Amino acid sequence: MSLPLPTTATHAAAPAATMSALVLEDYGRMVVAQRPVPVVGDGEVRVRVHGVGICGSDLHGFTGANGRRFPGQVMGHEAVGTVDAVGAGVTSFTGGERVVVNPTLACQACDWCARGQQHICPQRRVLGVDPTLSSAFAEFFVVPERNLIPFDGILLHGALVEPLAVGYHAARRAGVSAGDTVAVIGGGPIGQAAALACIRLGAARVIVGEPREARRRLLEDIGAETFDPFTASAPLGAGEADAAIDAVGASETILTALELTAPGGTVVLVGMDAPAVELQAYPLTTQERSLVGAFCYTAEEFAETAAWAATVPETLDRLIERAVPLDDGPAAFEELTDPERLAGKIIIEFPAKPESAGPPASS
C-alpha cells in the first residue's frame with residue numbers, strides 16, 4: 001500500500017491555481033470539484049495528501065445529522081501525506097517528509113493548553129469540522145507546523161492514526177492496565193481502535209459486543225473476543241469487567257456498559273450516537289461506578305499512537321476495508337450510509353506527484 005514520495009519541497013515554482021477536492025455540495029451529495037491550492041503562511045506547512053479516512057463524523061456531516069458540517073465545505077481529518085512546502089519560521093520540516101496530522105488546532109495560550117490538554121481548549125478549531133478551513137479531502141491542505149508528526153510506517157496506515165488515537169485516549173481514560181478485563185460496546189472503527197488500545201495497554205481480555213458478523217471477524221483477527229449483543233449474552237458475567245468503553249453512545253449501550261463493569265469500575269463514553277441519552281442512575285450510584293467522557297486525544301497521545309502504528313503493519317492492514325481514488329469518493333459516502341457489509345475503514349487515496357503545488361508562503 002505504500003506510495004512513492006516526493007523528494008523535496010519547492011520554494012520557487014509557479015503556484016498551481018487549483019487542486020481537486022471532495023466537496024460537500026449539499027447534504028446527501030458529495031462532488032469532486034476544483035478548489036484553490038492553499039497558500040502557506042508563516043509557521044505553516046502545506047501537506048500533499050496521500051490518504052484520508054472517512055470518519056463516522058464525516059458521514060454524519062454528509063447526511064446532515066450532526067449539524068457540524070455545512071454545504072460547500074471540504075471535510076476530512078484522518079490524514080497522512082508528505083510535506084510539500086513550508087512557510088517562514090518552520091524548522092522541523094524542509095520537504096518530502098512523511099507526516100500524520102493532529103487535526104486539533106488549539107490556541108496554545110489558555111490554561112488547558114498549558115496543561116497539555118489542547119484537545120479541550122475552549123478556543124480550539126478542528127480540521128475537517130470548522131467550515132472555514134479547507135481540510136484533508138483535497139490534494140493539499142495547510143496546517144500549523146506543531147500539528148504534524150513524522151510517520152515512519154506504511155504510508156497509507158497513517159490515515160488510521162487519528163481514530164487509533166481516539167481509542168487510545170478512551171482506554172487511558174478508563175484506566176486500563178496490564179491484566180485487566182475490558183468490555184467494549186460497539187465494534188465499528190472507534191470500537192476497533194479502543195479494543196486495540198486495550199490490548200496495547202496489556203489487557204488480558206478484551207470483549208467486544210458487535211452485531212455485525214464482518215466486524216466480529218475483524219475484531220477476532222486483531223485479538224479481541226466478540227459476541228452479538230442481539231442474540232447472545234456477553235462471555236462474562238455482570239460486574240466482571242474492570243472497565244468498559246461505550247463506542248456507540250446510546251441509552252441502552254451505556255446501561256450495558258455499566259452492568260458489565262465491576263463495582264467501583266469506570267465506564268468511558270466515547271461514542272456519540274445520540275446528543276441526549278437516558279441514564280439509569282442506580283447502576284451508577286449504588287455500585288459507585290464512574291461514568292467518564294472521552295472526546296479525542298492529547299497531543300502526546302497522538303504522537304505516541306503514530307509511533308506505535310508504524311510497528312504493527314499487519315494489524316493495520318486488517319483495519320482497512322479498501323482504499324479508493326478521489327473520483328470514487330462520492331460513491332464511498334453513499335455506500336457508508338448502509339454499512340452492513342463493511343467491517344473496516346474506507347480510505348480515499350490520492351496519487352503521488354513529484355511536483356510541488358507552488359511557493360511556500362504568502363507574499
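**Two residues, Met19 and Val32, and one annotated domain**

Good morning. I begin with Met19, which is buried, its relative accessible area being 0%. Please bear in mind throughout that the structure under discussion is a predicted model.

Where does Met19 lie in the secondary structure? It belongs to strand 1, which spans residues 18–26. Setting aside residues up to four places away in sequence, Met19 touches a run of residues comprising Ala33, Gln34, Arg35, Pro36, Val37 and Pro38, and it also touches Ser134, Ala138, Glu139 and Phe140. For one of these partners, Ala138, the separation from Met19 is 119 residues in sequence, while the C-alpha to C-alpha distance is 7.1 Å.

I turn now to Val32. This residue is located in strand 2, residues 29–36. Is Val32 buried, exposed or partly exposed? Its relative accessibility is 33%, and because buried means under 20% and exposed over 50%, Val32 counts as partly exposed. Apart from neighbours within four places in sequence, Val32 is in contact with Ala21 and Leu22, and also with Leu326, Asp327 and Pro330. As for Gln117, it is 85 residues from Val32 in sequence, and their C-alpha atoms are 36 Å apart in space.

Finally, the annotation. An unreviewed UniProt entry assigns residues 41–151 to a domain described as "Alcohol dehydrogenase-like N-terminal". What is the secondary-structure content of the chain over residues 41–151? In the model, that stretch is 11% helix and 32% strand. The C-alpha atoms at its two ends are 23 Å apart.

To recapitulate, Met19 is buried, whereas Val32 is partly exposed. Thank you for your attention.

Key. Residues numbered from 1 in each chain as written. Predicted model: local features only at pLDDT ≥ 70, side-chain atom pairs only at ≥ 80, totals over all residues. Heavy atoms only, no water. Helix = DSSP H or I, 4+ residues; strand = E, 2+ residues; numbered from the N terminus. Buried < 20%, exposed > 50% of the residue type's maximum accessible area, 1.4 Å probe, protein only. Contact = heavy atoms within 4.5 Å. UniProt positions renumbered as here; feature names shortened; annotations may be inferred.
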